[in-house]
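Trainee: I would like a close look at a single part of this structure, taken slowly and with the residues named. Could you walk me through the sheet with five strands and the helices that lie across it, and then show me how the rest of the chain compares in its details?

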Amino acid sequence: MIKRMLCLSLITVTIGLVSCEKEQVSEQPVVEAVQDTPEVPTQIRKKVSNLNFNSKHVEKSNMLLPDGTFTDTYLIEGDIAMTEDQMNTMSSKSITDKQYRTYNLVSTPRTVNVIGYTGGSQALTTKQKTALQWTIDNYNALNLGITFTVTFGTNYTPYDIVVYQNPNGQAGGVAGFPSSGNPYKYVQIFSGMEAYSTNTNEHVITHEIGHAVGLRHTDWFSRQSCGQSGESADPDGAVHIPGTPTGFDSTSVMLACFGANEDGEFGPNDEVALEYLY
């Protein structure tokens with residue numbers, strides 16, 4: 001059976017059956033070629049590469065906020081929003097772990113208050129609200145130093161994370177990384193997710209909140225979940241979390257691309273990673 005994989009980004013990607021062959025991170029540094037474009041200057045691609053992200057997947061983006069305004073960001077690896085200032089606060093030594101994360105984590109112990117947005121065209125659908133509740137339940141079922149609350153409404157200012165819809169008709173979502181000990185505030189879920197099951201919506205929301213608390217893509221080095229291979233990123237600074245695999249993990253909720261029929265649950269190594277980090 002053909003399996004459709006979707007990139008957690010602004011673009012829906014359809015490919016054939018994805019191999020689950022083990023992909024090892026090269027032990028030798030791989031220098032990525034960086035190319036200047038009008039939208040993404042060479043200096044930005046070099047910063048992305050130096051931070052051990054895949055610099056072949058960078059684009060200029062205007063991120064929609066819940067109030068309908070936009071903020072300028074760079075979209076990295078399909079669904080990670082980051083400004084140039086944020087890039088400048090990170091170093092190549094602050095990227096670590098497989099399952100991978102950054103040193104930009106949420107301070108613990110901490111209660112993270114989440115709101116599902118219900119206003120206007122950015123409102124979550126009934127399906128997405130259910131998926132968000134399931135996501136929060138799954139995070140709280142783990143033995144973490146952070147716990148989550150969730151409510152629904154429009155006054156998102158006092159909340160740590162707001163989960164809202166981008167009515168762009170695409171499938172996937174966007175979030176960013178923590179800063180100053182706080183989770184990334186804005187978690188977009190694209191309106192095209194309404195065509196998919198509640199479980200698949202749960203998967204995408206879980207993935208994006210994973211970024212918001214500091215998790216990276218587990219296949220950042222190859223994007224194997226997207227049917228790609230050989231697009232190696234510099235492995236310097238990628239340090240293994242004890243108890244998790246060093247190769248491709250097909251069970252991880254933090255893979256760069258997702259299937260149309262996900263179950264929405266953490267893979268066993270996701271749980272190990274989160275409990276190690278928090």
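Mentor: What follows starts with that sheet and its helices, and then turns to a few other features of the chain.

Please keep in mind throughout that this is a predicted model. The sheet is open and has five strands in the order β8-β7-β9-β11-β10, and the pairing within it is mixed. At its edges stand β8, residues 146-153, and β10, residues 173-174; each has a single partner strand, so one side of each is left without a neighbour in the sheet. In general terms, strands of a sheet pair through backbone hydrogen bonds, and they do so either parallel or antiparallel. At the β10 edge the pairing is antiparallel, with two bridges between β10 and β11, the latter covering residues 186-190. One residue of β10 to look for here is G173, whose bridge partner in β11 is I189.

Two helices lie across this sheet, and it helps to take them one after the other. Helix α3, made of residues 126-140, lies across β7 (110-117), β8, β9 (161-166) and β11, and its direction is at about 165 degrees to that of β8. Helix α4, made of residues 198-212, lies across β8, β9, β10 and β11, and runs at about 155 degrees to β11.

The two helices also meet each other, their axes coming within 8 Å and crossing at roughly 55 degrees. At that angle α3 and α4 are therefore oblique to each other, and the crossing in which α3 passes α4 is right-handed. On the α3 side the contact is made by K127, Q128, T130, A131, L132, W134, T135, I136, N138 and Y139, while α4 contributes T198, N199, N201, E202, I205, T206, I209 and G210. Sorted by class, this contact of α3 with α4 holds seven nonpolar, nine polar and two charged residues.

Just ahead of β7, the backbone has a feature worth finding on the display: a cis peptide bond joins T108 and P109, with omega at about -5 degrees. P109 belongs to the loop between β6, residues 101-102, and β7.

Following the chain beyond α4 leads to a disulfide. As a general reminder, a disulfide is a covalent bond between the sulfur atoms of two cysteines. The count for this model comes to one disulfide, and it joins C226 to C257 with an S to S distance of 2.1 Å. The torsion about the S-S bond of C226 and C257 is about 95 degrees, so this disulfide is right-handed. The pair links distant parts of the chain, 31 residues apart, with C226 in the loop between α4 and β12 and C257 in strand β12 itself, residues 257-259.

For a second sheet to set beside the one you asked about, look at the open sheet of three strands, which has the order β2-β3-β4 and antiparallel pairing. Here β2 and β4 stand at the edges, each with a single partner strand, so one side of each is left without a neighbour in the sheet. On average, and with direction ignored, neighbouring strands of this sheet are turned by 45 degrees against each other.

Within that sheet, β2 (residues 58-64) and β3 run antiparallel and are joined by seven bridges. Several residue pairs let you trace this pairing: E59 stands opposite L75 in β3, S61 has T73 as its bridge partner in β3, and N62 stands opposite D72 in β3. The hairpin of β2 and β3 has five residues between the strands, and in it G68 takes a positive phi near 90 degrees.

On the other side of β3, the antiparallel pairing with β4 extends over three bridges, and I76 stands opposite I80 in β4. β3 and β4 likewise form a hairpin, with three residues between them, and E77 lies in its turn. Phi of E77 is near 55 degrees, which is a positive value in a residue other than glycine. E77 is thus a useful residue to find in the loop between β3 (70-76) and β4 (80-82).

Key
Residues numbered from 1 in each chain as written. Predicted model: local features only at pLDDT ≥ 70, side-chain atom pairs only at ≥ 80, totals over all residues. Heavy atoms only, no water. Pairing = 2+ DSSP bridges. Helix = DSSP H or I, 4+ residues; strand = E, 2+ residues; numbered from the N terminus. Contact = heavy atoms within 4.5 Å. Axes fitted to C-alpha atoms, helices over the stretch in contact; angles between N-to-C directions. Parallel < 35°, antiparallel > 145°, perpendicular 65-115°, else oblique. Left-handed = near helix turned anticlockwise from the far one by under 90°. Nonpolar A, V, L, I, M, F, W, Y, C, P; charged D, E, K, R; others polar. Disulfide = S-S within 2.5 Å.
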